[in-house]
Protein chains: 2
Amino acid sequence: MTKEVVPDIVIARLPRYLQCLNLMAKEGLHTVSSGVLAERLGTTAAQIRKDLSYFGGFGKQGSGYPIYSLIEALQEILNLDRIWQVAVVGAGDLGRALTRYQGFPRRGIEIKLLFDVDPKLVGTKVGSITIQHVDYLEKEIQHHGIKIGVLAVPAEYAQLMADRMVEAGIEGILSYAPVSLILPESVHAQHIDPVLQLQTMMYYLGED
Amino acid sequence: MTKEVVPDIVIARLPRYLQCLNLMAKEGLHTVSSGVLAERLGTTAAQIRKDLSYFGGFGKQGSGYPIYSLIEALQEILNLDRIWQVAVVGAGDLGRALTRYQGFPRRGIEIKLLFDVDPKLVGTKVGSITIQHVDYLEKEIQHHGIKIGVLAVPAEYAQLMADRMVEAGIEGILSYAPVSLILPESVHAQHIDPVLQLQTMMYYLGED
DNA sequence: TTAGATTTTATCAGTCTTTTCCATTTTCCG
DNA sequence: CGGAAAATGGAAAAGACTGATAAAATCTAA
């Protein structure tokens, strides 16, 4: 009866399962066993079964998991059964590349707003989006009721922009800025920093 | 005497500590306690102390950690006390943005090679790097003895290019392609996929 | 229809991580 | 100088996650 809490680390793996399942569906498969899925994902069958079992029994003993209904179930669990609108702050190389990235619309993510401070950029378009001045950040985010923000600004402005987004009602931030952000507990943050990931790698590559 | 194994997850946190320490050094601080560092990083003091203690006692009771020498120690642990050369495969929006990214040279990462298949791109320059045809991938990587590759190609070519990089001697791959790669155990791989991170977030944002 | 192979599910044991506790050392301040 | 406060580092406890095992269900083929 008690709504058992699903560990964060399990949630973080579900999108990867979904990605792989979508690929398999495109290949024309209808059913997959945890063993096969594990091999494609580089993990273990037991882990996949355990992870999925947090949400109920999707599989059929003897045959495995029906791909289509598992995809649907995961999409519902992750709340992907709708379009999520996103605001991007920072229209430099990175911000513009993200705004043009076709992988977003293909997977239910719509870049709705794009902001920058540079007056030379404001008013120009990236794809179908017009770059707006950050002065309008709060107003526009509130107006569209956007809950997810992407930070693509230099490190020194990241905390300020994050604070403003939170103030405007943003509840999740994906940051590309190379700094640690200090945010309220209630805001979900994720960081992407290729340098940090490469540095992690260098530890292991060093012994030569 | 037994060389205790440091957990992967600890290694993955060290670059973040280093990033924060560098920032503090720039602010003119000389010493930092685990508590203050933890607050800036959004973690706990105990975890930082435990992580650092895998490598020895860097701190001084009563005052904390001397920032400069801790930075140096971490750089040495992570093998950052030299320039790492990197090859980028894929010169689309993303590959070019990465090649231009100033954060790499600033932190000891040199993009040395950039490849693409598109004959319209081959021969053109991105910053000071000339785009080469992927036909020369193996030869060039071997010639320069490069150990780290960055994948910035469409999903359907990612596995093929990863295989070729491994064949050429690459030991670590940072992939931006939205697929799971199947690689030998000996190759260290990291993935960056903003969609997966956003989807993880959507699970938590969904209850509204 | 039945036997055997396959595969999930649930449970439990084991391992890995994190947190807590505390002794010790250093710093600060009156 | 001396006591209180601050801080580390190690040991141990607690907690979380993963892997293994047994049981049940399904499928396949003869």
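Which residue of E8(B) is the bridge partner of B:Val150? In this predicted model, the partner is B:Leu174. The pair belongs to a parallel pairing between strand E7 (residues 148-151) and strand E8 (residues 172-175) of chain B. Four bridges hold that pairing together in the assignment.

These two strands are part of a wider sheet. In chain B, seven strands form an open sheet with the order E5-E6-E4-E3-E7-E8-E9. The pairing is mixed. Strand E5 (125-126) and strand E9 (188-191) of chain B are the edge strands. Each of them pairs on one side only.

Chain A also contains an open sheet of seven strands. Its order is E5-E6-E4-E3-E7-E8-E9, again with mixed pairing. The edges are strand E5 (125-126) and strand E9 (188-191) of chain A, and each pairs on one side only. Within this sheet, strand E3 (residues 84-89) and strand E7 (residues 148-151) of chain A run parallel. Four bridges join them. In this pairing A:Ala87 stands opposite A:Gly149 of E7(A).

Helices pack on both sheets. In chain A, helix H7 (residues 137-144) touches E3, strand E4 (109-116) and strand E6 (129-133). The direction of H7 makes about 160 degrees with that of E4(A). Helix H8 (residues 155-167) of chain A lies across E3, E7 and strand E8 (172-175) of chain A. H8 of chain A runs at about 170 degrees to E7(A). In chain B, helix H8 (residues 155-167) lies across E3, E7 and E8 of chain B. Its angle to E7(B) is about 170 degrees.

One helix reaches from one chain to the sheet of the other. Helix H9 (residues 194-205) of chain A lies across five strands of chain B: strand E3 (84-89), strand E4 (109-116), E7, E8 and E9. H9 of chain A runs at about 170 degrees to E9(B).

The relation between the chains was then examined. A turn of 180 degrees, with a shift of 0.0 Å along the axis, lays chain B on chain A with an RMSD of 0.1 Å. The two copies are therefore related as by a two-fold rotation axis. The same surface serves both copies, and 100% of the contact residues of chain B recur in chain A. Among the residues of chain B, B:Ile192 comes closest to the rotation axis, with its C-alpha at 3.6 Å.

Both chains also face the DNA. Around DNA strand C there are 23 residues. The nearest are A:Ser34, A:Arg49, A:Gln61, B:Arg13 and B:Gln61. These residues come from both chains. The residues of this surface divide into five nonpolar, 13 polar and five charged. Helix H1 (8-26) and helix H3 (45-53) of chain B each supply at least two residues. H3(B) gives the most, with three residues.

Of the atoms of DNA strand C within 4 Å of the protein, 73% belong to sugar or phosphate, and the rest belong to bases. Several contacts in chain A involve phosphate oxygens of strand C. An N or O atom in the side chain of A:Arg49 is 3.5 Å from a phosphate oxygen of DNA strand C. Backbone atoms take part as well. A backbone N or O atom of A:Phe58 lies 3.4 Å from a phosphate oxygen of DNA strand C. For A:Gly59, a backbone N or O atom lies 3.1 Å from a phosphate oxygen of this DNA strand.

DNA strand D is surrounded by 21 residues. The closest are A:Arg13, A:Gln61, B:Ser34, B:Gln61 and B:Tyr65. Sugar and phosphate make up 75% of the atoms of DNA strand D that come within 4 Å of the protein. The surface near this strand divides into three nonpolar, 13 polar and five charged residues. Helix H3 (45-53) of chain A and H3 of chain B each supply at least two of them.

Polar contacts to DNA strand D include both phosphate and base atoms. A polar side-chain atom of A:Lys60 lies 3.2 Å from a phosphate oxygen of DNA strand D. In chain B, a polar side-chain atom of B:Arg49 lies 3.2 Å from a base nitrogen of DNA strand D. A polar side-chain atom of B:Gln61 lies 2.7 Å from a base oxygen of DNA strand D.

Definitions and conventions. Residues numbered from 1 in each chain as written. Chains lettered and ligands numbered in written order. Predicted model: local features only at pLDDT ≥ 70, side-chain atom pairs only at ≥ 80, totals over all residues. Heavy atoms only, no water. Pairing = 2+ DSSP bridges. Contact = heavy atoms within 4.5 Å. Axes fitted to C-alpha atoms, helices over the stretch in contact; angles between N-to-C directions. Near = heavy atom within 4 Å. Polar contact = N/O pair within 3.5 Å; in protein donor to acceptor, adjacent residues only side chain to side chain. Nonpolar A, V, L, I, M, F, W, Y, C, P; charged D, E, K, R; others polar. Least-squares fit on C-alpha atoms with pLDDT ≥ 70 in both.
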